[in-house]
Every structure is written in structure tokens, then in C-alpha cells.
There are 2 protein chains.
Amino acid sequence: MSGKALLFRPGHEPASASEIYATVRRDIIRLRLRPGEQLSEKDLGLRFMTSRTPVREAIVRLVDDGLIHVLPQRGTFVTRISLRAVKRARFVRNALELAIIREAAEQGISDQTVSVLEAAIAAQEEAAGDAERFTDADDAFHRTIANALGLGDLWSVVENQKAQFDRIRFLSLPNVTPVALLVAQHRAILAAVLARDPAQAESMLAEHLSIVLDTAQGLLSTHPDLMLDDL
Amino acid sequence: MSGKALLFRPGHEPASASEIYATVRRDIIRLRLRPGEQLSEKDLGLRFMTSRTPVREAIVRLVDDGLIHVLPQRGTFVTRISLRAVKRARFVRNALELAIIREAAEQGISDQTVSVLEAAIAAQEEAAGDAERFTDADDAFHRTIANALGLGDLWSVVENQKAQFDRIRFLSLPNVTPVALLVAQHRAILAAVLARDPAQAESMLAEHLSIVLDTAQGLLSTHPDLMLDDL
DNA sequence: AGAACCTGACTAGCATACAAGTATGCCGGA
DNA sequence: TCCGGCATACTTGTATGCTAGTCAGGTTCT
């Protein structure tokens, strides 16, 4: 019975395996479950009003995502933020999203898509204080572009990797990261796409994505207990 | 008791969940389990001399990999080769490996790495008839480059995606694909890297990776029962 | 003959019980 | 005080039984 049982979310009836997966994943990314914290199949079963079986299924998937790890007969733990994983995730996202944005700038995007993107930017500006809503709007911006080009399933790959550094954003958003800068970058990216200037779009996006690495480095010193300095 | 019980691999003692995962995954990619074929938790339990529990864990992971899918209360099936998934996988692999090979051509690689690569090419030439050994050598070539640059964990992302079109290679290798061409392309890539010519290395690799898409299209007509024509 | 229905043998999802390994804290002895 | 050893309460891994849904085939009724 760790004191952290203050998260019982769903209704008053048992949750399915995939609901447990989605909920716990969210809790990890949103830092409601802290890096390094120990989980317990039994406690999770209590929280979701199920037996250990569906909990274990969720855990298997979270291990695949690299968000938790299991030491047999010892316990399951939320993995700390690995610098190595962050770098890998950024590399993958960089490679894929640059290809996407280039495509967008070359092919152009529909007026309807443009208005959705502008709405996402507005929502982001408005949600400046609220880290969760801000992140949702940020995701919407990037996902919308991929979807508009029929590359939606590419975004799902990005989303997998993204989990690795979303936690960094939630750590840094309240204080460190200049929200206005991120929004301005989104505007610049959109402008470059509208101008049909692939090279400019690429360089804007690359700059946009590189911020994460810097903040990760910074957090390493301010939150050493949450990070894993594996080069 | 389907007639396909001729695969009882491990020793005479029960296999663990992750052994089951690895074995079944291999069997799917190597086409020993055919696309569309129905699996059974019970039968797999018999084959690996375990209960359904570890089998289910393996199945969860294979579903995540997109290699099987489960219809609740109906059955679990080996997913057919999805053209859409193949395209996505190739796109991801293309984006990542081009970045890797560019890095290799810019930074250069050690003499030791070169000899490993040459060994891989030789092994591939030698294994011309044997599809499994050929594929192993092919993987070794690409993985060696990534490892040499400290980008080994990038390759693991590629490997995940690769599963989606490895089956195509096993379908086509015996007949369709010109083995000599693939080997020659490897040589050309290596030469470009040694010449420190990033642009050339990229274009060689891009050509190398584009072959899969063509053969996939071809197989669509010769093996319609194994494929999923989802655009 | 044809169609509706029922029955039994499958399926996967979940709950529960057991096994085996690990950490912890207490107790006894030096 | 300090150290060794054991009992106990954890942990995850696996086995098994139960539930609910699906499908196929045979039977019965019209």
C-alpha cells in the first residue's frame, strides 16, 4: 500500500487490459507515476478492480514501449528518462518528420488542413499555462500534417518514440521551455510549407526538434534522480 | 490438432514466454507459419510444453509487432502481408538508414569494420541458395554499419519495421530476386562509404531498398492469398 | 425439402491458486 | 555493538479453472 494510491481513475467497474495499458502509459508520460517508482501488479489490480492477468498484459506492452522494466521476482519499475533513448527517439522523429514536412512543402496542403493547423496553434497559445493541453495541441499540429498527406501510420511510429521524451517536456514546460518560441516555430514551419519552400520548412522543423535535446541536457543536472545518464 | 504440428522445436522441457515469442516470430517471418493461418493458444502451449499463460504473453508482443491479430472469442491469426505496412516499413527504414549511411560516409569507418562488412558480403555470396543464411548475412551487413557509428539502438527500430517485409524476401528470394544484384549493391554501398562520398552512398542505398516495393507488387498477383491489398 | 433452432466443441478474456526467487527485519550469539 | 542466520512477507512467473462468445452440424418442425 504505497501512499501513491490516489489514482483510481476509471468508473467503478473493472477495466480491460488495454484500458489499463492506455491509462498507465498516460500516467507515466504525464509524470503522475515518477521515473524510478516501483509498481506492483497487485496494487494495479486493486486500482483497476481486476486480477493480475490483465495488469500483466498491460505491463508486457509497456515494457515493449520501454516505459517500464521488470526485474524478475524483484519488482516492476517506471524506467528513468534515458538520455540514450531520448537521443534515439529524437533521431527517429527527426528523420521521419523531416521527410513528412518536405513532402508537405512539395505537394502543398489543402485549405481545410491549413485551418486545422491554425486552430492547433491557437489552442496551443491559449493553453500556455496548462502543460497537458499544450502538449495535446502540439501533437495535433504534427499529426495533422502527417494525416493530410496520407502518412498517418507513419505518425504512429513517431508517437511510439515520442513517449521517450514527452516526459522531458512535462518536466520542463512549466519553467524552462519558452512556450512563445515553440509557437513561433510552428508558425514559421506552417509559413514555409505554404510558401512551398521545402528547404526552409526542413530547417525550421529541425531547429524545432533540436530544442528537446538541449532541455534534456539541462534537466540532467536539475533532476538527476529522474534521469539515466547512459551517454 | 491441425496438421501443422510438425514444429516442436525446443528441447524436451518447457519454454519461457520470451522464448516462445522469439521462436514464433521467427517462424512467422520465415514463413513456416503462413500468412492467414490460424494459431491456437492451446496448441502452442502443447508445442512449447507450457500452459496458455506464457503463450498469451508472447501473443501480446506479436500483436504489438503487427505480425498476428486476435479476434476475441474467435481466434488468433497470422496477419497477411499488408501492402500498407510494407510501404510504411520501407519508408521508415529508408529514412533511418539513409541517415546512417550518410553519417558513415562523412565520418568514415574503421578498418576493422570494413573487414567485418566484407566478410558479411562474402557470406552472402556463399549462401546464395539458402534463404535463411542469406538473410542473416544481409542483416549483419546493415547492422554492422549502424553499430560502428554507435547507432546500434537505431537499428533495433529498423529491425521492428523490417519484420513487415522480411516475409516478402523469403517469398521472393528463391525465384524472383536476383541475388547477384543485391550483393553487387552492397559492394557499391561499401565502396561509396570508403570513398567518403555521402551523396553516392545515399543513392546506392536508396536503390537497394526500393527493390522490396517492386517485388511486393509482383507477389501481389502471384500470391494473392498471402497478401492484403490495402492500398 | 427447407428453414429455424438447439447442442456441443471450439475460441479468447479473466480470476484464482500455486511455485520460486528476493528483500527485510528480528533474534541469538559472540 | 556487530554479525550471521532464519522466518516471513513481499515480488513476478506459471498453471489451471471458469465465463462468455462464436461457429458448425445435426435435428426437428413446418
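This section describes the domains, DNA-facing surfaces, chain contact, nonpolar cores and two unusual backbone angles of a predicted model.

Chain A was assigned two domains. Domain 1 spans residues 17-79, and domain 2 spans residues 82-228. The C-alpha centres of domain 1 of chain A and domain 2 of chain A are 27 Å apart. Their contact involves 10 residues from domain 1 of chain A and 12 residues from domain 2 of chain A. On the domain 1 side, these residues comprise 4 nonpolar, 3 polar and 3 charged. An unreviewed UniProt entry lists "domain: HTH gntR-type" for residues 14-81 of chain A. Over residues 14-81, chain A is 50% helix and 16% strand. The end C-alpha atoms of this stretch are 31 Å apart.

Both protein chains contribute to the surface near DNA strand C. Of the 18 residues around this strand, the nearest are A:Ser16, A:Thr50, A:Ser51, A:Thr53 and B:Ser40. Three elements each give two or more residues to this surface: α3 (52-64) of chain A, and α2 (41-48) and β3 (75-78) of chain B. The largest share comes from α3(A), with 3 residues. By class, the surface near DNA strand C has 5 nonpolar, 9 polar and 4 charged residues.

DNA strand D is surrounded by 19 residues. Those that come nearest are A:Ser40, B:Ser16, B:Thr50, B:Ser51 and B:Thr53. Here α2 (41-48) and β3 (75-78) come from chain A, while α3 comes from chain B; each supplies at least two residues. The greatest contribution is that of α3(B), at 3 residues. The surface near DNA strand D divides into 6 nonpolar, 9 polar and 4 charged residues.

The two protein chains also touch each other. Chain B and chain A each give 14 residues to the contact. On chain B, the elements that supply two or more residues are α3 (52-64), α4 (83-107) and α7 (152-172). Of these, α4(B) provides the largest share, 7 residues. The chain B side has 8 nonpolar and 6 charged residues, with no polar ones.

The largest nonpolar core contains 81 residues. A:Leu96, A:Ile101, B:Leu96 and B:Ile101 have the most contacts inside this core. Helix α4 (residues 83-107) of chain A gives the largest share, 12 residues. Beyond its neighbours within four places in sequence, B:Ile101 contacts B:Ile145, B:Ile189, B:Val193, B:Ala201, B:Glu202 and B:Leu205. Another core, of 36 residues, lies apart from the largest one. Among its members are B:Ala15, B:Tyr21, B:Leu33 and B:Phe48.

Two loop residues were examined for their backbone angles. Most residues other than glycine have a negative phi. A:Arg196 has a positive phi, near 55 degrees. A:Arg196 lies in the loop between α8 (179-194) and α9 (198-222) of chain A. A:Arg196 counts as partly exposed because 13 C-beta neighbours lie inside 10 Å. B:Leu31 also has a positive phi, of about 70 degrees, and is not a glycine. This residue is in the loop between α1 (17-29) and β1 (38-39) of chain B. B:Leu31 has 18 C-beta neighbours inside 10 Å, so B:Leu31 too counts as partly exposed.

Key:
Residues are numbered from 1 along each chain as its sequence is written. Chains are lettered from A and ligands numbered from 1 in the order in which they are written. This is a predicted model: local features need pLDDT of at least 70, side-chain atom pairs count only at pLDDT 80 or more; totals for chains, interfaces and linings use all residues. Domain bounds come from an automatic or database domain assignment. Two residues are in contact if their C-beta atoms, placed from the backbone, lie within 7 Å. Ala, Val, Leu, Ile, Met, Phe, Trp, Tyr, Cys and Pro count as nonpolar, Asp, Glu, Lys and Arg as charged, and the others, Gly among them, as polar. UniProt positions are given in the numbering used here, feature names are shortened, and annotations may be inferred rather than shown by experiment. Helices (H or I, at least four residues) and strands (E, at least two) are DSSP runs, numbered from the N terminus. A residue is near a molecule or strand if its C-beta atom, placed from the backbone, lies within 6 Å of it. A nonpolar core is a set of buried Ala, Val, Leu, Ile, Met, Phe, Trp, Tyr and Cys residues joined through C-beta atoms within 7 Å. A residue is buried if 20 or more other C-beta atoms lie within 10 Å of its own, exposed if 12 or fewer, and partly exposed in between; C-beta atoms are placed from the backbone.
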